[in-house]
Amino acid sequence: MRIFDLEEEKLKREIMKLEAKKVLLQLPEGLKPEAPRLAKLIQKLGAMPIISADPCYGACDLALQDAEALGADLIVHFGHTKMLKHERIPTLYIEARANLNIEKPVKKALALLKDYKKIGLATTVQHIHMLENAKELLLEADKTVAVGDAGCLPYAGQVTGCNYSNVKAVKKEVEAFLFLGGGRFHAIGVELASGKPTVVADPYEKRTFTVEKETKRIISQRWAAIEEAKEAKNIGIIIGLKTGQKRTEEAEKIREKLVKAGKNAFLLALREITPETLMQFPTLEAYVNTACPRVGFDEASKFPKPVLTPEAFAVMLGEKSWEKLCSGGWFGN
Ligand code: SF4
């Protein structure tokens, strides 16, 4: 059995319903190997599949402009839930739910949760259908369970790389969070956004671990980045060109504030924000990034200069306190 359900029947139905002639497939990195198989399936229906080979990290990066440029009449976006309010081109979101058992890692996680009674649950859309099962296991272990629903994401308990509103909705009621899913990226977000210890139950590797070391490292790096940016005279403000990351007005406001504070401020527009692209501007000493808040955040040491989120920039200017930032204000939601 495949790990991820790519809902091929739904995909076929949508193509036939829309009588789509050209279909642009967009998959995140881990699912890209499935693209040729899906393309064959689409071809059999008489439509022309085009695989978007560019990196894709979230629904913020929906390939609308590419689809327009290619003349596609349907985008099929895998692995994320809808983020944009309106799409100019019909778009089908396939959530890629994981067919994995959560029981073992959740039971293992109980050892790391032994000192806490009130537990919050969070996960990504891939495992959202496992939340109920995890909740039952926690209740059996005599815990109380809270699943947040702030109404900003399609599912209660869901998180994305930059949206932890569901975690924040229940953080005051819980002592610790249990995150269901693979890797550390989202769990770090949960711990930073909640300020509560977060334990990971990883159904891929059937293991459990904490992310305390990583969040502590990130917090101390953020402090150093803000202090360094305060000293900078020349600052770049990043405008992301990905569809759901473009915040031009916010970038312009930040520019005004920097100019008022006596800094030289430059607006930079780009799609992929990498250390290599920023290295092309050696006279810029710091950046404020209005695009994806996780860029230059988790792996700050890879970037040549400090990259601040708008929230950290507010601390730099003295508009917001460091304590407020550390009590869950990292990603602005
Ligand atoms: S903005 Fe960044 S963290 Fe948010 S969905 Fe897009 S890629 Fe993920």
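A residue counts as buried here if 20 or more other C-beta atoms lie within 10 Å of its own.

**Figure 1. The whole chain, in a predicted model.** By that cut-off, 44% of the 333 residues of the protein chain are buried. Its C-alpha atoms fill a box of roughly 60 × 55 × 30 Å along the principal axes. What radius of gyration would a compact globule with 333 residues have? It would be near 20 Å, and the protein chain has 21 Å, which agrees. If you follow the ribbon through, you'll pass 12 helices and 15 strands. Now for how the chain meets itself: take the contacts with a separation of 6 or more, and 65% of them come from residues 24 or more positions apart.

**Figure 2. Three domains, and a look at where domain 2 meets domain 3.** The domain assignment splits the protein chain into domain 1 (4–96), domain 2 (103–210) and domain 3 (217–322). Between domain 2 and domain 3, the C-alpha centres lie 30 Å apart. How many residues of domain 2 are in contact with domain 3? There are 5, and they touch 5 residues of domain 3. On the domain 2 side of this meeting place, 4 residues are nonpolar, 1 is polar and none is charged.

**Figure 3. Around the ligand.** Zoom in on the ligand and you'll find Tyr57, Gly58 and Cys60 around it, along with Thr160, Gly161 and Cys162. Gln245, Cys292 and Arg294 complete the surroundings. What mix of residues does this shell hold? It divides into 4 nonpolar, 4 polar and 1 charged.

**Figure 4. Inside the largest nonpolar core.** This core has 95 residues. Which of them have the most contacts inside it? They are Val23, Val76, Leu178, Val190, Tyr287 and Leu308. Pick out Val23 for a closer look: leaving aside residues up to four places away in sequence, Val23 touches Ile15, Ile42, Ala47, Pro49, Ala72, Leu74 and Val76. So Val76, one of the residues with the most contacts in the core, is also one of the partners of Val23.

**Figure 5. Lys12 and its setting.** Lys12 is found in helix H1, which covers residues 8–18. Why does Lys12 count as partly exposed? It has 15 other C-beta atoms within 10 Å, and a residue would need 20 or more to be buried and 12 or fewer to be exposed. Pull back from Lys12 to bring Val200 into view: the two are 188 residues apart in sequence, and in space they are 36 Å apart, C-alpha to C-alpha.

Methods
Residues numbered from 1 in each chain as written. Predicted model: local features only at pLDDT ≥ 70, side-chain atom pairs only at ≥ 80, totals over all residues. Near = placed C-beta within 6 Å. Nonpolar A, V, L, I, M, F, W, Y, C, P; charged D, E, K, R; others polar. Domains from an automatic or database assignment. Contact = placed C-beta atoms within 7 Å. Core = buried A, V, L, I, M, F, W, Y, C linked by C-beta atoms within 7 Å. Helix = DSSP H or I, 4+ residues; strand = E, 2+ residues; numbered from the N terminus. Rg over C-alpha atoms; globule rule 2.2 N^0.38 Å.
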